[in-house]
Amino acid sequence: SDSSLLIRLIEERFLAGRPPLTAPEELWQRFFCETVGQVATRDYLLSRVLPRPRDMVYLCNAAVMAAVNGRHDKVQEDDILSAEKNYSQFAYEALLVENGITVQEFESVLLEFMGSDSVFPSSVAKANVRLAGIPEGKIDAIIERLKIMSFLGIETAAGNFQYIEGESDSRRLDVLARKYADRVRAEPRYSIHPAYRKYLEIQ
């Protein structure tokens, strides 16, 4: 949950191949563009990945490879956006095999979200799961699985979507989301994690 550790992981991998006393900032100043859009590059990378070391390493490696293939002297914004597409497919494929139910059934569910808005009410989430052919009695369990796997984040304050980090976090966020929805007199809203948006062409 500490995003600074993910950044430090990348910096330590960089420093391992550099002369002693090299400053970590050299990585970001010399080898990466300063921003992606209007967002600082480090913050952008953190916002695109699931908070796991392998995901951060994959995205950064893909960005470097895109820069090498493009013969750029540093990682450019286009390289990061290209890497984000590759990473999004990687995250999607990892989700399929780690979900705890059959791959075919879970993929049918995920594909029903393709091309949708990034934010939608709970009724839309249930409709998508229903369209995948999931029996009515299993829909709530599938939605819960999508939340636990961080595919869906839940709104706990206006425009603030939190992603569950394991089953122990689920009940706490569910209560926050329910109380917020009651307060604004609306049904709960979900958001698809940015890690999956490129591959599923989320609006």
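What follows is a chat between a trainee and a mentor about this predicted model.

Trainee: Let's start with the overall make-up: how many helices and strands does the chain have?
Mentor: The C-alpha trace spans about 60 × 35 × 30 Å along its principal axes. As for secondary structure, the chain comes to ten helices and six strands.

Trainee: And what percentage of the residues is buried?
Mentor: A residue counts as buried when its relative accessible area is under 20%. The chain has 203 residues, and the buried share of them is 41%.

Trainee: Now the pockets. Which element gives the largest share of the lining of the largest pocket?
Mentor: The largest pocket has a volume of about 290 Å³. It is lined by 16 residues, and the closest to its centre are Phe14, Leu27, Phe32, Asn61 and Val64. Helix H1 (3-15) and helix H4 (53-69) are the elements that give two or more residues to that lining. The largest share is six residues, and it comes from H4.

Trainee: How many residues in the lining of the largest pocket are nonpolar?
Mentor: Split the lining of the largest pocket by class, and you get three charged and two polar residues. The nonpolar residues in that lining come to eleven.

Trainee: What about the second largest pocket: which element gives the most to its lining?
Mentor: That pocket has a volume of about 240 Å³. Its lining has 15 residues, and those nearest the centre are Leu6, Leu46, Val49, Pro51 and Glu165. Two elements give two or more residues to this lining, H1 and helix H3 (41-48). With three residues, the one that gives the most is H1.

Trainee: How many polar residues are in the lining of the second largest pocket?
Mentor: By class, this lining holds eight nonpolar and two charged residues. The polar ones come to five.

Trainee: Leu6 came up there. Is Leu6 buried or exposed?
Mentor: Leu6 has its place in helix H1. In sequence it is 185 residues from Ser191, and the two are 23 Å apart in space, C-alpha to C-alpha. The relative accessible area of Leu6 is 10%, so this residue counts as buried.

Trainee: Why do Cys33 and Cys60 not form a bond?
Mentor: Both cysteines are buried, Cys33 at 10% relative accessibility and Cys60 at 4%. A disulfide needs the two sulfur atoms within 2.5 Å. The closest cysteine sulfur to that of Cys33 is in Cys60, and it is too far for a bond because the distance is 11 Å.

Trainee: So how many disulfides does the count come to?
Mentor: Looking from the other side, the sulfur of Cys60 has its closest cysteine sulfur in Cys33, again too far at 11 Å. The number of disulfides comes to zero.

Trainee: On to the rings. What kind of aromatic pair do Phe113 and Phe120 form?
Mentor: The count of aromatic pairs comes to nine. For Phe113 and Phe120, the centres are 5.7 Å apart and the planes are at 35°. Planes under 30 degrees apart would be stacked and over 60 edge-to-face, so this pair falls in the remaining class, which is tilted.

Trainee: Which residues form one aromatic cluster with Phe113 and Phe120?
Mentor: Phe113 and Phe120 are both buried. The residues that join them in one aromatic cluster are Phe151 and Tyr196.

Trainee: Which residue has its charged end over the ring of Tyr44?
Mentor: A charge sits over a ring only if it is within 6 Å of the ring centre. Here the charged end is 5.0 Å from the centre of the Tyr44 ring, and it belongs to Arg48.

Trainee: Now some backbone angles. Where is Arg71, which has a positive phi?
Mentor: Arg71 is not a glycine, yet its phi is about 55°. At 79% relative accessibility, it counts as exposed. Its place is in the loop between H4 and helix H5 (77-97).

Trainee: And what is the phi of Ser150?
Mentor: Ser150 lies in the loop between helix H8 (139-148) and strand E4 (152-157). It is buried, with a relative accessible area of 11%. Its phi is positive in a residue other than glycine, near 65°.

Trainee: Last one: which residues of H8 are buried?
Mentor: H8 is the helix followed by Ser150. The buried residues of H8 are Ile139, Ile142, Ile143, Leu146, Lys147 and Ile148.

Technical notes. Residues are numbered from 1 along each chain as its sequence is written. This is a predicted model: local features need pLDDT of at least 70, side-chain atom pairs count only at pLDDT 80 or more; totals for chains, interfaces and linings use all residues. Side-chain values use heavy atoms; hydrogens and water are left out. On a 1 Å grid over the protein atoms alone, a cavity is a set of points where a 1.4 Å probe fits but cannot get out, and a pocket is an open set with protein on both sides within 12 Å along at least five of seven lines; lining residues have an atom within 4 Å of a point. Grid points are joined across faces, edges and corners, and a volume is the space filled by probe spheres set on the points. Helices (H or I, at least four residues) and strands (E, at least two) are DSSP runs, numbered from the N terminus. Ala, Val, Leu, Ile, Met, Phe, Trp, Tyr, Cys and Pro count as nonpolar, Asp, Glu, Lys and Arg as charged, and the others, Gly among them, as polar. Buried means under 20% relative accessible area, exposed over 50%, partly exposed in between (1.4 Å probe, protein chains only). Rings of Phe, Tyr and Trp (its six-membered ring) pair if their centres lie within 6.5 Å; planes under 30 degrees apart count as stacked, over 60 as edge-to-face and the rest as tilted. A charge sits over a ring if NZ of Lys or CZ of Arg is within 6 Å of the ring centre and within 35 degrees of the ring normal.
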